[in-house]
Structures are given as C-alpha cells and as structure tokens.
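Here are some notes to help you find your way around a structure you haven't met before. Keep the viewer open and click along as you read.

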Amino acid sequence: MRNTYLFTSESVSEGHPDKVADQISDAIVDLFLTKDPEARIACETLTTTQLVVLAGEIRGKGIMDAHGNWAAGVEAEIERTVRETVKRIGYEQEGFHWESFRFENNLHAQSAHIAQGVDASGNKDEGAGDQGIMFGFACDETPDLMPATLYYSHKILARMATDRHSGAAPFLEPDAKSQVTLRFDNGKPVAATAIVVSTQHGKGYDAGDKEAQLKAYVKAVIADILPADLLSDETVYHINPTGSFEIGGPDGDAGLTGRKIIVDTYGGASPHGGGAFSGKDPTKVDRSAAYITRYLAKNVVAAGLATRCTIQIAYAIGVSQPLSLYVDTHGTGTVGDDKIEEAILAIPDLGGLTPRGIRTHLGLNKPIYQPTAAYGHFGRKPDGDFFPWEKTDLVDKLKAAV
C-alpha cells in the first residue's frame, strides 16, 4: 500500500434527480411493508421534467393479488406517497412541482417463476431473491468507521439540506453535489487538498453580492464539518464552478433508481457488487446481504481485530445458504483473515447468513428504508428500528470467537 496518495469521494443531495428516484422507490417499499412485512417489492422510479414513472413487480397481502389486481385504495395511496416524498424534499418549481407533476404507475404482479424460487416450501428454506456478490467495508478513518472522503462529502450536503429546510439558507434549492479530496499519509487522512460543492440556488445567486454570500455560506459549512487540521490555505475550493445552477433536479436531468450506488456505499474505497439497494424488499440480497456485510466489517474494526476490513458474500437465486464468505483486512488484522471468517460463521445469531437469518437478526422486515435513500446507507446512527446494521453488538462475540 502506498504511503502517500490522494483519494476522492463524492456525494449528492436528497434533491439530486437520482436520489429523488431512490427516495420515491424506498417510500413505496415502506408503504408496502407497513401493509405486509413479507411483501415482495421491486420498484424502479424514473423522474424527469414534471413526470414521475414507477415500474416493477409487487406481491403482498392487502396490496395486490396474483392476477395483478390492486387492493381497494392502494393505487391512491401510492400516488399520495410519491407526491408527499417530493414535497418533503422541497420541489415546488415550475419544472418539477410535487402537486402538479404527471404520475404513471406501472407496477405489476411479481413473476410466479421468481416467487417459486424464493419462497420457502416443504423442506426448502427461503432462497435468495437473486444471485450476486455483495461487499461490506469499514475503516477507522472516522468515528462511524467510514472512509473520510465520503463521510465529509455526505456531512456537507446534509448540513446544507438542514439549513435549507429550516430557512437558515433560503437561497438554496434542493439539488446539490459535493466532492472531497484528501491526502493520506501512512493510510491516514492528513489534509484536504480540494473540495467541490455545486448547489442549485435561487435567482440572482450566481453574480455579485448574492454569489459572494452563497460561496461564503458554503465555505462556512465546510469549515464546520471538516476537522480544522485538515483545512489550510492550500485547500482549493470549487463552489458552483460552472456559474449558474438555477435549473436542477429532475427538470435539469432525468433521475433513475439505483444510479448512485457508490454514493450509497463507500465512495469508491471498497469494491461493489453492482446491485442497487433502493426499491427492493429485504429478500433481495443486493440489499440485505450488503447490510449484513457492512455490519460484520464494522464489528470487526470496532472489535480491534483490524483497522480496515472488506467482506464479500455471494448467493444464488433460490438458494438459502451463501456460496462463499471472504474477509480481507488488508494486512491490518491482529489475527488471520481465515480466523475472522470462521468466527463469523460460528455466531449462531446470524442464522448461517441465509436471507431469512439476515432479516431476522437485523429486523429488516419493517418500514425503515426511506431514510437510507439520501446521504448514504452506511455510517449512520442506529436509532430504534433504523440502521440496525450500524450497531456494534457483535464485538464481544467476535473477540471471544477468535
């Protein structure tokens, strides 16, 4: 591993068109799980100028029958949920307004062929909702055991959104992006060399005193979020480098569910299996297995067994047992990686890492997903039923097992 290098991660705000799509998809997941905790959901969203389109497959009691007939009132609930999600984000613009955009619902009944592979029957345990590989990651660069570049990129935009919603920064509009470049020495962040923030803004905030006000505000947010010892006179700031950014969100660019998978995970600091999270119920291992591998990697680092940990797991559709488990502590482990693998598989609480075992241990069959769909699925604070994969309650068991 190189001693000195630059590394960069980006984040996008809740008003970015792809994140609008993610939040709508997860709002639908939560709506259906409220009705049926065993619901099967695959909901994709497209957003563009004054238009939101849903597509995908659904199955669940009180939602839709096998013939594709909606239960009474559900279609109206779906549209209301979509519009309320966009309203909460803050879109009341001519090109995208929560109250007046055109809405299409193209959700339909789940394929019977998929259902027969996933459902438990007879002596067959419930199978994985799809094949695939999933990765979890943790490192000791931040208190939440996340890569520092992504951690600070998220925090900048989350603060700006808080100020926008509260009225403290009324010149901000919902769409924004950030990017943080840090210099690392001996694997630790030591300096911020470049920070990029592009934010949608109200009329006139691209020139003169108003532009200066916006840029001063963004710099103040950055100074409040990043540790002071990372910032210096050598830090380069790029704030709205293209100039005007009045037209944004779905009016400025189309948005799709699942198009920000690196933002959602580790900012490029870890491999990614390629599967998106939002819009999927937890039988889909793209989601649930990515959560359990983050949980495991975080507990490995929190236990002091490594300062950096990547975990991979793989599944076949319709098969309950994982095909493989791989641990890599990148040379930072205090015990062998094989010993950590053995310790994980020996913990009975994890249910053998089957899809049902994962969901049971983490309590995933609940409407807990919309908050995950902006500012990252990982590095968040566990709160009641929310973000259970961020708990470090396996530390003692892992220490004892190795």
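The points below go through the sheet, the strands and helices around it, the core, the cysteines and a few single residues.

1. Before anything else, bear in mind that this is a predicted model. Read every value below as something computed from that model.

2. A good place to begin is the open sheet, which has 4 strands in the order β6-β3-β2-β11 and mixed pairing. Which strands stand at its edges? They are β6 (102–109) and β11 (255–256): each has a single partner strand, so one side of each has no neighbour in the sheet.

3. Stay with β11 for a moment. Its pairing with strand β2 (residues 40–48) is antiparallel and runs over 2 bridges. If you want a spot to zoom in on, T47 stands opposite G255 in β11.

4. Now add the helices. Helix α1 (residues 17–35) lies across β2, β3 (51–59), β6 and β11, and runs at about 150° to β2. Helix α2 (residues 74–89) also packs on the sheet, where it touches β3 and β6. The direction of α2 makes about 130° with that of β6.

5. Elsewhere, look at strand β9 (residues 188–201) and strand β10 (residues 236–239), which pair in the parallel sense over 4 bridges. One partnership to pick out is V197 with I239 in β10. How does the chain get from β9 to β10, and what is the hand of the crossover? The path goes through helix α5 (residues 208–225), and this β-α-β crossover is right-handed.

6. On to the inside. The largest nonpolar core holds 106 residues, and F32, L54, I78, I156 and I344 have the most contacts within it. Helix α8 (residues 285–302) supplies the largest share of this core, with 10 residues. To see what surrounds one of those well-connected residues, pick I344: leaving out residues up to four places away in sequence, I344 touches L296, I311, L325, V327, L350, L353 and L398.

7. What about the cysteines? The disulfide count comes to 0. Take C309, which is in no disulfide: the nearest cysteine sulfur belongs to C139 and is 11 Å away. The cut-off for a disulfide is 2.5 Å between the sulfur atoms, so a pair farther apart than that isn't counted. C309 is buried too, at 0% relative accessibility. Another cysteine, C43, has a relative accessible area of 1% and is also buried.

8. V12 is worth a click. You'll find V12 in strand β1 (residues 4–12), and its relative accessible area of 0% makes it buried. Setting aside neighbours within four places in sequence, V12 is in contact with K19, L157, A176, K177, K260, V263 and Y375. V12 also shows how the fold brings together parts of the chain: V12 and D175 are 163 residues apart in sequence, but their C-alpha atoms are 7.9 Å apart in space.

9. Two backbone oddities to finish. N186, in the loop between β8 (172–185) and β9, has a phi near 50°, a positive value in a residue other than glycine. F387 has a positive phi as well, near 50°, and is not a glycine either; you'll find F387 in the loop between α10 (355–362) and α11 (395–401). Are these two buried or exposed? N186 is exposed, with a relative accessible area of 60%, whereas F387 counts as buried at 5%.

Terms used:
Residues are numbered from 1 along each chain as its sequence is written. This is a predicted model: local features need pLDDT of at least 70, side-chain atom pairs count only at pLDDT 80 or more; totals for chains, interfaces and linings use all residues. Side-chain values use heavy atoms; hydrogens and water are left out. A nonpolar core is a set of buried Ala, Val, Leu, Ile, Met, Phe, Trp, Tyr and Cys residues joined through side-chain atoms within 4.5 Å. Buried means under 20% relative accessible area, exposed over 50%, partly exposed in between (1.4 Å probe, protein chains only). Contact means heavy atoms within 4.5 Å. Two strands pair if DSSP finds at least two bridges between them. A crossover is right-handed if, with the strands pointing away from the viewer, the path from the first strand over the helix to the second runs clockwise. Axes are lines fitted to C-alpha atoms, for helices over the stretch in contact, and angles run from 0 to 180 degrees between N-to-C directions.
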